[in-house]
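Student: I have a structure to go through and would like to take it step by step. Can we start by looking at it?

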Amino acid sequence: MSGFQVTINDLMKKATVFHGHLCPGIAIGVLAAKYALEHGFERSLDEEIVAVVETDNCSVDALQILLGTTFGKGNLVHLDYGKSNYSFYNRKTQKGVRLALKQEISEYKNLSRDEKIQKLLELEPEGVFDIREIEFDPPGLAPINESVPCSICDEFTMDSRMMNYQGKFMCIPCYKEFRSKNP
Ligand SMILES: [Zn+2]
Ligand SMILES: [Zn+2]
């Protein structure tokens, strides 16, 4: 599938403004986003693109701003595995791709921050990630839930997050507190 060429400098600028500082993590996220943008994963206004990320480090901010896969829209899913792996799904084309940071990139540890950034930006995404197509199997669309008041603190809480303890409906923090006092 043909994509379009985007310049790494433009992407870096946008991502750095959004993120707040320049760092190797942003460079990694920008390279992942560049690959996606050039391979049929257009910036997502709604939930056309889903990103499943296995890290919550700086790199993810580049994906949020450049691919429109955001926490608030629910098309950014975090798996807390502590790995720099990124899977993208395109609901329009039913394609999926997974980018996994190459081991030699993780081993840049003895370089300075600036050297790391420079070295990364000299590479193409293919030199930074092991990339493979994956089955189109994205997480479901972000659910829209009713909110109901918690029976203890009275704060409105998404229905799907309410805990039911012996017929009493409570929000998660109230439930935790209640159970710690009533084990
Ligand atoms: Zn950073
Ligand atoms: Zn509560």
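Tutor: We will take the metal sites in turn and then one pair of helices.

Tutor: This is a predicted model, in which local features need pLDDT of at least 70 and side-chain atom pairs count only at pLDDT 80 or more, while totals for chains, interfaces and linings use all residues. Residues are numbered from 1 along each chain as its sequence is written, chains are lettered from A and ligands numbered from 1 in the order in which they are written, and side-chain values use heavy atoms, with hydrogens and water left out.

Student: Which residues are the protein donors of the zinc ion (ligand 1)?

Tutor: Donors are N, O and S atoms within 2.8 Å of the metal (3.2 Å for Na, K and Ca); water is not among the atoms, so sites may look incomplete. Here the donors lie 2.0 to 2.3 Å from the ion. They are His-19 (NE2), His-21 (NE2), Cys-23 (SG) and Cys-58 (SG).

Student: How many residues apart in sequence are the parts that His-21 and Cys-58 tie together?

Tutor: His-21 lies in the loop between helix 1 (8–19) and helix 2, and Cys-58 in the loop between strand 1 (49–53) and helix 3. Helices (H or I, at least four residues) and strands (E, at least two) are DSSP runs, numbered from the N terminus. The pair therefore ties together parts that are apart by 37 residues.

Student: What is the geometry of the site of the zinc ion (ligand 2)?

Tutor: The donors are Cys-150 (SG), Cys-153 (SG), Cys-171 (SG) and Cys-174 (SG), lying 2.3 Å from the ion. Four donors count as tetrahedral if all angles lie between 85 and 135 degrees. The angles among the four donor atoms are 97 to 117°, and the site is tetrahedral.

Student: Is Cys-171 buried or exposed?

Tutor: Buried means under 20% relative accessible area, exposed over 50%, partly exposed in between (1.4 Å probe, protein chains only). Cys-153, at 31%, counts as partly exposed. Cys-171 has a relative accessible area of 7%, so Cys-171 is buried.

Student: What is the angle at which helix 2 and helix 3 pack?

Tutor: Two packed helices are described by the angle between their axes and the distance between the axes. Axes are lines fitted to C-alpha atoms, for helices over the stretch in contact, and angles run from 0 to 180 degrees between N-to-C directions. Helix 2 (residues 24–38) and helix 3 (residues 59–67) have axes 7 Å apart, and the angle is about 35°.

Terms used:
Four donors count as tetrahedral if all angles lie between 85 and 135 degrees; four count as square planar and six as octahedral if opposite donors are over 155 degrees apart and all others between 65 and 115; anything else is irregular.
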